[in-house]
Structure formats: structure tokens, C-alpha cells
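Hi,

Here is the structure I promised to pass on. Have a look at it first, and my notes on what turned up follow below.

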Amino acid sequence: MNEVEKILAELKNQNYSPIYYLCGEEPYFIDIISNYIEQNVLSDDEKAFNQQVVYGKDITIDTLIHYAREYPMMAQRRVIIVKEAQELSRTIGQLLPYVEKPSPSTILVLCYKYGKIDGKTKLAKELKKYTTLESKKLYESDTIKWINSFLKENGYSINQVACQLLVSFLGTDLSRIANELNKLKIILKPGTEITPTHIEENIGISKDFNVFELQNALGRKDLTKAMQIIKYFNENQKDNPMPMITENLYRYFKSLFIFSSLTGRTDAELAREMGVNPYFLRDYKQAATLYPLKKISYCMEVIKQADLKSKGVESGSISYYDILKEMVILVISG
């Protein structure tokens with residue numbers, strides 16, 4: 001994220017690079033930079049003749065180089081933005097002659113999402129001479145930090161439970177999270193601390209019946225609460241897909257396994273190793289008293305089997321609810 005801020009600062013200072021190579025598994029940061037260039041480098045009048053936004057599946061390398069070599073009209077520079085540049089992966093090597101000697105009056109932006117050009121190639125090595133960004137997928141703990149930072153920059157805050165609720169439901173997909181937070185910004189006054197109630201009323205995630213509360217119920221071995229939650233899930237299957245449930249629960253027990261395996265560590269060290277918010281370590285401490293390491297491993301296997309059954313592997317005609325019910329009972333009492 002620091003690299004993103006550095007690139008944006010250089011752009012705002014009009015310190016432009018002839019080539020921007022934006023790659024990686026997290027598309028949000030790629031979009032942030034490419035959108036800034038698209039909206040701000042040229043004036044509206046200049047864009048008409050000097051800015052082209054193309055897509056990898058619709059253009060050839062030869063045509064792209066032709067566009068990049070053209071001279072600007074009534075402007076100092078041209079901007080060529082290639083979205084979904086990964087669609088050019090089979091022929092991208094042909095861009096090498098241009099990268100070795102780019103046009104000084106063109107800004108070429110390559111948005112290469114969900115991967116990167118083979119680092120061993122000459123093209124990848126040449127691209128390193130210019131502005132590059134490898135946008136890596138964030139861990140859950142990094143996503144939580146990003147949410148807090150994003151809201152702080154916009155004059156809001158969020159309590160820890162509401163933040164975890166968002167991440168448990170939306171995962172680490174920053175584009176989805178940013179979209180929901182922007183909705184809240186429209187509704188809530190600046191200075192508001194976002195709570196689980198705000199999340200429930202405006203985003204549609206139940207503050208009482210969600211996967212975060214399910215993992216807490218399992219962590220306490222609270223069968224009654226866990227059964228109430230999966231009953232709600234069964235009545236709202238579209239908003240609570242099985243992969244989201246099993247992925248979060250597996251991650252929870254994996255973090256619990258790490259917690260129980262480490263001794264003599266500070267809370268900060270534990271949170272970092274587990275990839276969780278330190279605020280929730282107390283819940284893991286309680287769960288660790290109820291789940292020895294052997295039991296945690298068993299729970300992880302139960303969750304894996306539930307995930308496989310939901311995908312039709314050796315499951316026969318077992319229902320969504322029965323898969324969850326069996327999983328919950330085995331985790332708590334198995």
C-alpha cells in the first residue's frame with residue numbers, strides 16, 4: 001500500500017513515467033492508479049484526441065505499439081491505457097522493442113491483473129526500469145488495517161466487531177469492500193463510527209446471524225447459538241454460500257491451531273503469526289481451553305469434508321442444512 005501511495009504522489013506532482021506496469025492478484029490497487037491516470041493526466045479537451053483506453057482481448061501488440069508511437073495533438077503527451085493486459089499474455093513479449101525505447105511523449109499503462117509477466121523474460125527485466133507495481137492479495141489482518149485507514153482518510157471510523165463482520169462476509173476483496181463502504185459514506189454523516197447495526201441495516205449482513213458469530217459460537221461450544229445461526233443461513237442461502245462459510249471456519253480453526261502451537265509469545269507476535277486482529281485474541285484464548293490441538297485438527301478435517309460434500313463429493317442427496325448441522329455437531333461434540 002505504501003508503494004501505491006508513492007506512485008499516486010508522483011502522479012499528483014506530474015512526475016510521469018513513460019510506462020506503468022501494474023500487475024498482481026489484487027485488482028483494486030491496479031484500478032486506483034489506472035483510474036487516476038485516466039481521469040487526471042490530461043484535460044477533458046486533450047483526452048478527445050490523445051487518450052485511448054483499450055482492452056487486451058481487443059487489440060494486437062502491433063496496433064498497441066502504433067498507438068503508442070503516435071504524436072500528441074495539441075497536447076504535451078498521449079495516454080494509452082491497456083485494461084486486462086493479461087489477455088495479451090501469449091504475445092506480450094512482442095512489446096519488448098517498444099519498452100526498450102518508449103515514446104517520450106506517451107504514457108503507456110499496462111493493467112496486468114491476477115498475475116504477472118514471467119520475471120525471467122527480458123521484457124519483465126526491462127519493465128523494471130519504469131514504474132511498476134505488484135499488487136499482492138492482502139491477508140485478513142492487512143485488509144482490516146486497510147479498512148480502518150480508508151475510513152479514517154474519509155472522516156469515519158469503525159468498531160472492531162463491525163470491521164471483522166465485513167471481512168468475514170466479503171473476504172479480502174477490496175473492490176467489494178470499498179463499494180460497500182462508499183455506500184455507507186453516502187448514508188452516514190462524517191465522523192460516524194460504523195457499528196454492526198449500520199452494517200446490518202445498510203449492507204444486509206445480519207449482526208447476530210453471520211459466519212463471524214458462528215465461529216464464535218463454535219469457539220465457545222455453544223450448540224444452541226450455532227444451530228440458530230445455521231437455521232438462519234438455511235433460510236437465507238443466497239446471502240450465505242457454503243464456500244464462504246467453510247472457508248471462514250477453516251481459517252478460524254487454522255488460526256486457533258497456530259495460537260495453541262505457539263508458546264511464550266506476546267499478543268502482538270501471536271496476532272501477527274495468526275494474521276488476526278489482536279482485539280480478538282481473548283476469544284482465541286477461551287477457545288484454546290476447549291479445543292486441544294488434536295481436536296482442532298479433527299475440526300479442520302470435518303470442515304474440509306463439509307466443503308467437499310457441498311460440492312457433491314460423496315454426498316448423495318444431503319441438503320445444505322444437513323451438511324451444516326452435521327458439521328456443527330461434529331465440531332462441538334465429536
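**What I found**

Over residues 20-132 the chain is 36% helix and 23% strand, with the end C-alpha atoms 6 Å apart. Keep in mind as you read that this is a predicted model. That stretch wasn't picked at random: UniProt, in an unreviewed entry, lists residues 20-132 as "domain: DNA polymerase III delta N-terminal".

There's a second annotated stretch to look at. The UniProt record (again an unreviewed entry) puts "domain: DNA polymerase III delta subunit-like C-terminal" at residues 210-311. Over residues 210-311 the chain is 77% helix and 0% strand, and the end C-alpha atoms sit 21 Å apart.

**The pocket**

Now for the open space. The largest pocket has a volume of about 430 Å³. It is lined by 17 residues, and L8, Y28, W146, F150 and E153 are the closest to its centre. If you want to find it by element, go to α1 (2-12), α2 (27-40), α7 (140-153) and α9 (174-187), which each give two or more residues to the lining. The largest share comes from α7, with five residues. As for chemistry, the lining of the largest pocket divides into nine nonpolar, three polar and five charged residues.

**The cavity**

There's enclosed space as well: the count comes to one cavity of 30 Å³ or more. About 140 Å³ of space lies in the largest cavity. Its lining is made up of 15 residues, and E140, Q164, Q215, Y252 and Y284 lie nearest the centre. The elements giving two or more residues to this lining are α8 (160-170), α11 (211-220), α13 (242-261) and α15 (281-290). Of the elements, α13 gives the most, with four residues. By class, the lining of the largest cavity has five nonpolar, seven polar and three charged residues.

**Two helix pairs**

α8 turns up again here. How do α8 and helix α10 (residues 196-203) pack, and at what angle? Their axes are 8 Å apart, at an angle of about 40 degrees. The two helices are therefore oblique to each other. On the α8 side, V161, A162, L165 and L166 make the contact, and on the α10 side it's P196, I199 and I203. The residues of this contact are seven nonpolar, with no polar and no charged ones.

The other pair is helix α16 (residues 293-310) with helix α17 (residues 320-333), which pack at an angle of about 175 degrees with their axes 9 Å apart. That makes α16 roughly antiparallel to α17. Quite a list of residues is involved: K295, Y298, C299, V302, I303, A306, K309 and S310 of α16 meet I323, E326, M327, L330, V331, I332 and S333 of α17. By class, the contact of α16 with α17 has 10 nonpolar, two polar and three charged residues.

If you'd like somewhere to start in the viewer, try W146 and F150, which are among the residues closest to the centre of the largest pocket. After that, go to Y252 and Y284, which are among those nearest the centre of the largest cavity.

Cheers

Definitions and conventions
Residues are numbered from 1 along each chain as its sequence is written. This is a predicted model: local features need pLDDT of at least 70, side-chain atom pairs count only at pLDDT 80 or more; totals for chains, interfaces and linings use all residues. Side-chain values use heavy atoms; hydrogens and water are left out. UniProt positions are given in the numbering used here, feature names are shortened, and annotations may be inferred rather than shown by experiment. On a 1 Å grid over the protein atoms alone, a cavity is a set of points where a 1.4 Å probe fits but cannot get out, and a pocket is an open set with protein on both sides within 12 Å along at least five of seven lines; lining residues have an atom within 4 Å of a point. Grid points are joined across faces, edges and corners, and a volume is the space filled by probe spheres set on the points. Ala, Val, Leu, Ile, Met, Phe, Trp, Tyr, Cys and Pro count as nonpolar, Asp, Glu, Lys and Arg as charged, and the others, Gly among them, as polar. Axes are lines fitted to C-alpha atoms, for helices over the stretch in contact, and angles run from 0 to 180 degrees between N-to-C directions. Angles under 35 degrees count as roughly parallel, over 145 as roughly antiparallel, 65 to 115 as roughly perpendicular and the rest as oblique. Contact means heavy atoms within 4.5 Å.
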